Amino acid sequence: MSTAQSVGPRHGGQYATFWTPLFLAWLLALLATAGALFLGEVMGNTPCVLCWYQRIAMFPLVLVIGMGLFTSDPRGARYALPLAGVGWGIAAYHLMVFWGVVSEGLVPCGQGSSCTDVDVQVAGLVPIPLLSLAAFTGILVLLWFSMRRAKA
Amino acid sequence: MSRKWMVLATVAVVVLAFAAGVVVFTGRTNQEVTAAAQTHSDALVRPHSPIYGNPAAKVTIVEFFDPSCEACSAFYPIVKRIVNASFGQVRLVVRYAPLHHGSDTAVRIIEAARLQDKYWEALERALAAQPQWAAHDRPQPLLIWDVIGDIGLDMAKARADADGPAVDQVLRQDIADMQALKVNRTPGFFVNGTPLRDFGEAPLKALVEQELKKEGSSQKTENKAR
């Protein structure tokens with residue numbers, strides 16, 4: 001039996017060091033989810049198409065990683081990894097679109113708000129896709145940490 | 001602290017912070033909207049706007065209205081009932097907030113009908129047919145011409161008026177006033193200059209009642225003063 005499956009001591013111990021990075025990854029996902037909902041539902045900024053794809057990757061992370069934390073199951077990181085990876089890719093693409101690296105013609109933004117609008121910035125300063133990319137990057141790094149510690 | 005509790009406590013903290021953010025943000029927005037209504041009180045009612053009910057009524061409901069908006073359509077009978085049940089004490093002033101694609105064309109058509117005194121007939125027909133012409137992804141406001149074909153309009157004149165300068169002017173002024181008053185959702189209501197903050201039928205009725213009472217008491221004191 002592998003050690004990864006037998007871990008789960010509730011009182012810490014060397015096998016449970018995966019928990020802290022997993023918790024931090026979850027916290028990032030939770031804050032990003034709350035932030036996205038606040039921008040969209042409270043401040044009334046309609047999410048553009050690319051924002052929606054990033055939301056599709058980000059929101060479930062709260063539940064997937066959260067389940068792993070709750071049951072002290074290190075495999076949570078493994079299941080969260082593909083979602084975070086896909087989200088990272090979309091966020092990176094969105095940021096390139098926003099900065100004009102990728103031409104507007106390739107953008108799948110038809111109806112609704114534009115993915116390159118000034119609206120896609122918080123307080124007119126930080127582009128939302130940059131925040132998203134930062135969050136996904138952080139989550140990926142922390143998940144990787146968590147997996148490495150679980151294996152060790 | 002056990003790990004499960006740590007997860008739950010974190011969720012609780014984030015949810016509370018979110019709720020606090022909602023309270024702060026809506027409070028600030030309400031203040032801005034109220035301030036805009038006070039500084040631009042002249043932008044609420046313009047002489048060109050359609051009026052439903054007694055023109056000399058004490059209480060004025062200003063509605064920023066979008067013919068393609070489903071909520072506006074749902075509110076129309078409610079507002080009409082409030083005016084009808086008020087014994088001439090409440091009037092409705094219709095302003096336009098063409099926020100959807102194609103809404104401006106719809107406004108042009110019903111405004112053209114107004115020039116022939118068929119405004120409310122045309123408006124009600126257009127609202128009844130809204131599901132057919134006002135799909136937000138593919139609006140076809142020109143279909144309104146078909147549903148108002150039999151209300152007795154001189155159609156050739158109406159089609160010319162719809163693109164005429166009088167209607168242009170109405171649209172331009174209403175859009176400018178909408179922006180000055182920070183209306184970004186429809187229907188946007190103001191009752192005697194007070195913006196309706198909580199959206200809904202009951203809050204609207206309560207605000208109208210409150211203004212009616214205020215008007216009633218101020219009249220009594222005027223009479224006493226005499």
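Is Leu212(B) buried or exposed? Leu212(B) is buried, because its relative accessible area is 17%, under the 20% limit for that class. The model shown in these views is predicted.

**View 1. Chain B as a whole.** Chain B holds 9 helices and 5 strands. Along the sequence these elements follow the pattern α-β-β-α-β-α-α-α-α-α-α-β-β-α. Of the 226 residues in chain B, 43% are buried. The accessible surface of the chain comes to about 11900 Å², and carbon and sulfur atoms account for 57% of that area. Among contacts between residues at least 6 apart in sequence, 78% join residues at least 24 apart.

**View 2. The open sheet of chain B.** Five strands are arranged in the order β1-β3-β2-β4-β5, with mixed pairing. At the edges of this sheet are β1 (51–52) and β5 (194–195), each of which pairs on one side only. The strands β2(B) and β3(B) run parallel and are joined by 7 bridges. By contrast, β1(B) and β3(B) run antiparallel, with 2 bridges between them.

**View 3. Bridge partners along β3(B).** Three residues of β3(B) are picked out here by their partners in the adjoining strands. Val90(B) is the bridge partner of Val59(B). Leu92(B) has Tyr52(B) as a bridge partner. Val94(B) stands opposite Glu63(B).

**View 4. The two faces of β3(B).** In a regular strand, side chains alternate between the two faces of the sheet. On one side of β3(B) lie Val90(B), Leu92(B), Val94(B) and Tyr96(B), and on the other lie Arg91(B), Val93(B) and Arg95(B). Both faces are covered, and the residues named on each side are all buried, the two arginines included. Because 7 of the 7 residues of β3(B) are buried, the strand is largely enclosed by the rest of the structure.

**View 5. The surroundings of Leu212(B).** Leu212(B) is found in helix α9, which covers residues 201–225 of chain B. Leaving aside neighbours within four places in sequence, Leu212(B) is in contact with Val59(B), Gln89(B) and Val90(B). Two of these contact residues, Val59(B) and Val90(B), are also bridge partners of each other. Lys58(B) lies 154 residues from Leu212(B) along the chain, yet the C-alpha atoms of the two are separated by 7.6 Å.

**View 6. The cavity in chain B.** Rolling a probe the size of a water molecule over the atoms shows where empty space is left. A search of the whole structure finds 1 cavity of 30 Å³ or more, and the volume of the largest cavity is about 30 Å³. Lining this cavity are Glu63(B), Phe65(B), Tyr76(B), Leu92(B), Val94(B), Trp120(B) and Leu123(B). By class, the lining divides into 6 nonpolar residues, no polar residues and 1 charged residue. At least two lining residues come from each of β2 (59–65), β3 (90–96) and α4 (119–128) of chain B.

**View 7. Where the cavity meets the sheet.** Glu63(B) and Val94(B), which stand opposite each other, both line the largest cavity. Leu92(B) is another lining residue, and Tyr52(B) is its bridge partner. Leu92(B) and Val94(B) lie on one side of β3(B), together with Val90(B) and Tyr96(B).

Notes: Residues numbered from 1 in each chain as written. Chains lettered and ligands numbered in written order. Predicted model: local features only at pLDDT ≥ 70, side-chain atom pairs only at ≥ 80, totals over all residues. Heavy atoms only, no water. 1 Å grid on protein atoms, 1.4 Å probe; cavity = no way out; pocket = protein on both sides within 12 Å on 5 of 7 lines; lining within 4 Å. Points joined across faces, edges and corners; volume = space filled by probe spheres on them. Helix = DSSP H or I, 4+ residues; strand = E, 2+ residues; numbered from the N terminus. Nonpolar A, V, L, I, M, F, W, Y, C, P; charged D, E, K, R; others polar. Pairing = 2+ DSSP bridges. Buried < 20%, exposed > 50% of the residue type's maximum accessible area, 1.4 Å probe, protein only. Contact = heavy atoms within 4.5 Å. Areas by Shrake-Rupley, 256 points an atom, 1.4 Å probe, with all protein chains shown as cover.
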